[in-house]
Amino acid sequence: MYKSFFLLGNWKANGSLQQVRDFCAEVRSLKVPIGITPILAPPFPYLDMMKLLLPQGYGLAAQTCQASSFTGQITAPMLKDVGCGWVLIGHGERQESFQEVRQQILSVQGEGMIPIVCVGEKDPDSVLDVLDQQCGHYFQDIPEGYWVAYEPIWAIGSGKTPDGKHLKKVSEYLKQKLHLPLLYGGSVNSTTVFPLLSSQLWSGFLVGKASLKACDWMALIQQIKNCILLK
Ligand code: PGA
C-alpha cells in the first residue's frame, strides 16, 4: 500500500510565463487526490511564478543546482529561497561527474531540501554494473535523506519502458542497497503507466513530456488515483 505517491514533472528546457499561467489555471480544476503528491520542476526563471500559481497540495522542485558560486550559477540556498522542496540531481541529460553529483547532493541536503538523484544505464544489458558504479561513487558517506530516481537513459523520451523483469531486478537491487523512496522515470505517460504502477515497485514517477500539458498531467494523476483506489 502506498503512503504517498510522488509524481514529479520535469519540464526540462520547456515553457514560458504564459505556459506556466495556463498550466496552473488548468490544473486547478482537479483537486489533488489524497495519497498523491504532485511536484513540478519548471526551468529556473519560472520557479517563482509557478510557486505563486500552483494550487494547494503541489510541491516545487528544481532541475539541478550548482555547488559552487561562479557567475551564472544557481545555488541550493537560492532554490530554498524561492520555495523548492526537492532538487533533481545528475539527470541523464546533464552528464555530470561523480564528484559534481556528490557535491550537489550535499549542498541540497545542507539547505534541508530533498535531492532526487537520477541513476540509470545507456545499455540495458549493463544495468547492474552501471548502477553499482553510480551508487558506489554517489552515495558513499552521504547521509540519508536523499531519494533515487531510476531512469534508464534509453527510455527517456523514446516511448520505450523496460519490461517487468528488468524493473523488478533493478528495484530489488536498489532496495537491497539503499533504503529510500525509489522513483521510476523514462517515457511515463497515461498509456505506459498501468504496468509500472501495478508492479508496486515504485514510490513515484519522474515524468518529462507528459508533464508539459495540463490535460496529459491530469490524466496521469487520475490514472494513478484509480489504481491506488483499487488496492
Ligand atoms: P520523458 O522524460 O518522460 O519524456 O521520457 C523523463 C525525464 O527525462 O525526466
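## Helix H1

In helix H1, Leu 17, Gln 18 and Ala 25 are exposed. The model described here is a predicted one. On the side of H1 opposite these exposed residues, the helix, which spans residues 17-27, has Val 20, Phe 23 and Val 27 buried. Viewed along the axis of H1, the buried residues fall within an arc of 70°, so they line one face of the helix. This arrangement may be read against a general property of helices: an α-helix has 3.6 residues a turn, so residues three or four places apart point the same way.

## The barrel

What order do the strands follow in the barrel? The barrel is closed by 8 strands in the order S1-S2-S3-S4-S5-S6-S7-S8, with parallel pairing. On average, and with direction ignored, neighbouring strands of this sheet are turned by 25° against each other. Helix H4, comprising residues 98-110, packs on the sheet and touches strand S4 (86-89) as well as strand S5 (114-119). The direction of H4 makes about 160° with that of S5.

## Strands S4 to S7

The pairing can be followed from one strand to the next. S4 and S5 run parallel and are joined by 4 bridges; Trp 86 stands opposite Ile 114 in S5. S5 in turn pairs with S6 in the parallel sense, over 4 bridges, and here Ile 116 stands opposite Trp 147 in S6. Strand S6 (residues 147-150) and strand S7 (residues 182-185) also run parallel and are joined by 3 bridges. Tyr 150 has Tyr 184 as its bridge partner in S7.

How is burial distributed in these strands? In S5, 5 of the 6 residues are buried, so this strand is largely enclosed by the rest of the structure. Strand S6 is covered on both faces: Trp 147 and Ala 149 are buried on one side, and Val 148 and Tyr 150 are buried on the other. In a regular strand the side chains alternate between the two faces of the sheet.

## The ligand shell

Which residues surround the ligand? The residues around it are Asn 10, Glu 151, Ile 156, Gly 157, Gly 185, Gly 186, Ser 187, Val 188, Leu 206, Val 207, Gly 208 and Lys 209. By class, the shell has 4 nonpolar, 6 polar and 2 charged residues.

Ser 187, one of the residues around the ligand, is located in the loop between S7 and helix H7 (193-198). Its phi is near 60°, a positive value in a residue other than glycine. Ser 187 counts as buried because it has 23 C-beta neighbours inside 10 Å, and the threshold for that class is 20 or more.

## Two further loop residues

Gln 200 also has a positive phi in a residue other than glycine, near 55°. Gln 200 is in the loop between H7 and strand S8 (204-207). Is Gln 200 buried or exposed? With 12 other C-beta atoms within 10 Å, Gln 200 is exposed, since the exposed class covers counts of 12 or fewer.

Pro 45 lies in the loop that runs between strand S2 (36-41) and helix H2 (47-53). Pro 45 counts as exposed because it has 11 C-beta neighbours inside 10 Å. Pro 45 and Ser 16 are 29 residues apart along the chain, and their C-alpha atoms are separated by 8.9 Å.

## Helices H5 and H6

Tyr 138 belongs to helix H5, which covers residues 127-139. Tyr 138 counts as buried because it has 22 C-beta neighbours inside 10 Å. Leaving aside residues up to four places away in sequence, Tyr 138 touches Phe 98, Val 101, Arg 102 and Val 117. Of these contacts, Phe 98, Val 101 and Arg 102 fall in H4, and Val 117 falls in S5. Tyr 138 and Pro 124 are 14 residues apart along the chain, with their C-alpha atoms separated by 20 Å.

Ser 171 is placed in helix H6 (residues 164-177). With 17 other C-beta atoms within 10 Å, Ser 171 is partly exposed, because this count lies between the limits of 12 and 20. Not counting residues up to four places away in sequence, Ser 171 touches Leu 182 and Leu 201; Leu 182 is within the range of strand S7. The C-alpha atoms of Ser 171 and Phe 5, which are 166 residues apart along the chain, are separated by 16 Å.

Conventions. Residues numbered from 1 in each chain as written. Predicted model: local features only at pLDDT ≥ 70, side-chain atom pairs only at ≥ 80, totals over all residues. Helix = DSSP H or I, 4+ residues; strand = E, 2+ residues; numbered from the N terminus. Contact = placed C-beta atoms within 7 Å. Arc of directions from axis to C-beta. Near = placed C-beta within 6 Å. Nonpolar A, V, L, I, M, F, W, Y, C, P; charged D, E, K, R; others polar. Pairing = 2+ DSSP bridges. Axes fitted to C-alpha atoms, helices over the stretch in contact; angles between N-to-C directions.
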